Amino acid sequence: MSTTSVLTREDLKSAIEQAPRVPLASIPTPMQELSRLSDALGGPRILVKRDDLTGLGFGGNKVRHMEFCMGDALAKGCDTSINANLWVSNNSRIIGAASKRVGMRYICVVVGGEGRPVQGNMLLLDLMGTEMHLTPERDMEHGRRLAAELADQVRREGGNPYLHTEEPMSRGSGAMGYLNATLEILEQLDEMAVSDVKVYVVAGASHGGLALGAKALGLPWSITGVQVAPKSVYFADSVTWANTAAQALELPLRLEWDDLADTSDYIGPGYPDPSPECAEAIRLMAELEGIILEPVYTGKALAAVIDHVRKGVLTSDDTVLFMHTGGLPELFSFAEDLKR
């Protein structure tokens, strides 16, 4: 990552403050030492950023996303929020919670949800009074088409829908939230007298936002995005989403693929299924630190950290910052994979 600064912290803060925003997240979230995990691995100092504690709708990184997404929706005069995503989707859950918080109707196409137990994120959608449309197949294109048809229906009824599957800021807002989080993290690292970290985060908009923030401020951080599925199945377009945010904020830079580091080595069987290494990471974090991860996203990201320590990619000279991005409601759906 380049150490040439394009913006000052105040420049970046001022740019972010121009964006429409609704306060939804309990921030700043804590940054904590994982000293027992570090000792057990015999490796670097490990810190965790607890974005599982953002509060709204069971928390997670997407609460930061929704502050700017809902700001965009309300600025456009929308009264109905419409989304389509898989039955395990944390994104759908937090869109629902944010929509309800600002008083919008919420319609969600739950792709592949037909016939599945109403638990995890599906249960939370139900509790929030979501108008759910369950499809039998795991076919996202069909889900998006159905969502678009439902948006047309809302328009015919006189409503003004915000269609998350088509609105650029529905993803750009994620990067925007983590541009803002970059400033928060910097303040916390300053208090700890830490200047350089090796960040591990699930690949996606949060990854893109942190990478864009680091590039803008000339930070020496390395930021590794951990892919949770083959890109043909679940493509986390960190660069496009980050640049959507950069364009909206009129920032004088863009993110390039060369700016990003990512790894596909910890996907395991595929999305959303965990690998044995993922299960081990979840158990280690729980046993040693009392912090709970889940197997779809954060367990895979910590598996990357653990493996990189064991292989010597990370050494005792490094400071690791692990981003706990939440996603906990689906943990209980994987009891058979995780139990001893």
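Student: In which helix does Leu123 lie?

Tutor: This is a predicted model, in which local features need pLDDT of at least 70, side-chain atom pairs count only at pLDDT 80 or more, and totals for chains, interfaces and linings use all residues. Residues are numbered from 1 along each chain as its sequence is written, and side-chain values use heavy atoms, with hydrogens and water left out. Helices (H or I, at least four residues) and strands (E, at least two) are DSSP runs numbered from the N terminus. By that numbering, the run of residues 120-127 that holds Leu123 is helix 5.

Student: Is Leu123 buried, partly exposed or exposed?

Tutor: Buried means under 20% relative accessible area and exposed over 50%, with partly exposed in between (1.4 Å probe, protein chains only). Leu123 has a relative accessibility of 34%, so it counts as partly exposed.

Student: How many disulfides does the structure hold?

Tutor: A disulfide is a pair of cysteine sulfur atoms within 2.5 Å. The cysteine sulfur closest to that of Cys69 belongs to Cys78, and at 9.5 Å it is too far for a bond. Cys69 is buried at 0% relative accessible area, and Cys78 is buried at 8%. The number of disulfides is 0.

Student: Which strands stand at the edges of the sheet ordered 1-2-10-7-8-9?

Tutor: This open sheet has 6 strands and mixed pairing, where two strands pair if DSSP finds at least two bridges between them. An edge strand has a single partner strand, so one side of it is left without a neighbour in the sheet; those strands are strand 1 (31-33) and strand 9 (261-263).

Student: What angle does the direction of helix 11 make with that of strand 10?

Tutor: Strand 10 (residues 319-324) pairs with strand 7 (residues 198-202) in the parallel sense over 3 bridges, and Tyr200 stands opposite Phe322. Helix 11 (residues 298-310) packs on the sheet and touches strand 7, strand 8 (222-226) and strand 10, contact being heavy atoms within 4.5 Å. Axes are lines fitted to C-alpha atoms, for helices over the stretch in contact, and angles run from 0 to 180 degrees between N-to-C directions. For helix 11 and strand 10 the angle is about 165 degrees.

Student: In strand 6, which residue is the bridge partner of Ser81?

Tutor: An open sheet of 4 strands has the order 5-4-3-6, with parallel pairing. Strand 3 (residues 80-86) is joined to strand 6 by 3 bridges. The partner of Ser81 in strand 6 is Tyr162.
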